[in-house]
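User: Got a minute to go through this one with me? I'd like to start with a strand pairing and work outwards.

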Amino acid sequence: MKRLDLVTVAAGLALVFLTGSVEAGSTAPPAGDAPAATAVPAPVPATRPDKPGEAPASAPPAASPSADAAPPPGQGSGWNAEVATPGGGLVLNDEQTALVKKINDYFNALGDLKGDFVQTASDNKPMKGKFMVKRPGRFRFDYSRPSRQIIISDGEYLAIQDLDLNNEDRISLDQTPFRLLLRKDVDLIRDAVITEVQEADDQIIVGMRDKSPDAPGKIKLFLATKPELELRQWVTTDAQNLDTRVELSSLTKGETLDAKLFTIENVSLNKFHP
């Protein structure tokens, strides 16, 4: 039975900054324990030959080898802190800088969001499901049957749960690329190494990686510009240079999502929604 691969990332979701994958149940800490440090990133979920992810992590068309006080509940310590020093990337011109700032504004204005997703990893087998996002830092990907996996972030940790096998893995959300996009204050110029910026055919494409060495991997965002700016898909690339693509559809904004939906429950108690 195939499980999901945590391609960090993301996701975003962006998921995007990965160095490997985690086998469900293999190294997962018991519920409530802090996860051990790991080089695996998240959100945007990925199909298992190996797993989902943290988120994303995280779950969706064809992919190909690449492309100090305690935080409030639901917010990880890294969401409002600056990331480490840069290391290479584009020297942005004025036009590229304006585009990146436009994307910053989009994510900073983004409230609760939900919709459908299709995830395609390197095996080219699509997986579908529903997702929800509640900034800062919280998201959830519920994969449709026959898969029974969930990738969920409570703002501090990202959990990948397999309801069939009753297994769970958790990693710190700060080790995923999605932290760049779901922070309380998104600033990609400050926190990311920008590797690509282009605008064409009613679309903006931005590639990036986290400046933090703890969040390996990279992510590329695709945003439609008409009728308004909107995230449509992202591609995360792991340490093995394999891509996972996640496409979004049927997006709904303006609906307040219940914060309880982003609570990481014990895998044996979790309810599967799709």
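User: Okay, which residue is the bridge partner of Ser153 in β7?
Analyst: That's Leu158. Keep in mind that this is a predicted model.

User: And how do β6 and β7 pair overall, parallel or antiparallel?
Analyst: Antiparallel, with five bridges between β6 (residues 149–154) and β7. Their hairpin has two residues between the strands, and Gly155 takes a positive phi there, near 100 degrees.

User: What about the other side of β7, how many bridges does the pairing with β8 have?
Analyst: Six, again in the antiparallel sense, with β7 covering residues 157–162. One spot to look at is Tyr157, which sits opposite Ser172 in β8.

User: Which residue has the positive phi in the β7 and β8 hairpin?
Analyst: Asn166, near 60 degrees; that hairpin has four residues between its strands.

User: Is β7 mostly covered or open?
Analyst: Mostly covered: five of the six residues in β7 are buried. For the protein chain as a whole, 54% of the 274 residues count as buried.

User: Zooming out, what's the strand order in the sheet?
Analyst: It's an open sheet of 11 strands, running β8-β7-β6-β5-β4-β3-β13-β12-β11-β10-β9, and the pairing is antiparallel.

User: Why do β8 and β9 each have one side without a neighbour in the sheet?
Analyst: They stand at the edges, β8 at 167–172 and β9 at 192–200, and each has a single partner strand, so one side stays without a neighbour. As for twist, neighbouring strands in this sheet are turned by 20 degrees against each other on average, ignoring direction.

User: What's the full secondary structure count for the chain?
Analyst: Three helices and 13 strands.

User: Switching topic: how much accessible surface is there?
Analyst: About 11300 Å² for the protein chain, and 49% of that belongs to carbon and sulfur atoms.

User: Now confidence. Where is it lowest and where is it highest?
Analyst: Lowest is strand β2 (residues 46–47), with a mean of 36, and highest is strand β3 (residues 113–120), at 96. Residues 1–87 have pLDDT below 50, although that stretch has 410 contacts in the model beyond near neighbours in sequence.

User: What should I do with coordinates where pLDDT is low?
Analyst: Where pLDDT is low, the predicted coordinates shouldn't be read in detail.

User: And what's the average for the chain?
Analyst: The protein chain averages a pLDDT of 72, with 65% of the residues scoring at least 70.

Definitions and conventions:
Residues are numbered from 1 along each chain as its sequence is written. This is a predicted model: local features need pLDDT of at least 70, side-chain atom pairs count only at pLDDT 80 or more; totals for chains, interfaces and linings use all residues. Side-chain values use heavy atoms; hydrogens and water are left out. Buried means under 20% relative accessible area, exposed over 50%, partly exposed in between (1.4 Å probe, protein chains only). Accessible areas come from the Shrake-Rupley method with a 1.4 Å probe; for residues, only the protein chains shown count as cover. Two strands pair if DSSP finds at least two bridges between them. Axes are lines fitted to C-alpha atoms, for helices over the stretch in contact, and angles run from 0 to 180 degrees between N-to-C directions. pLDDT is the predictor's confidence in each residue, from 0 to 100. Contact means heavy atoms within 4.5 Å.
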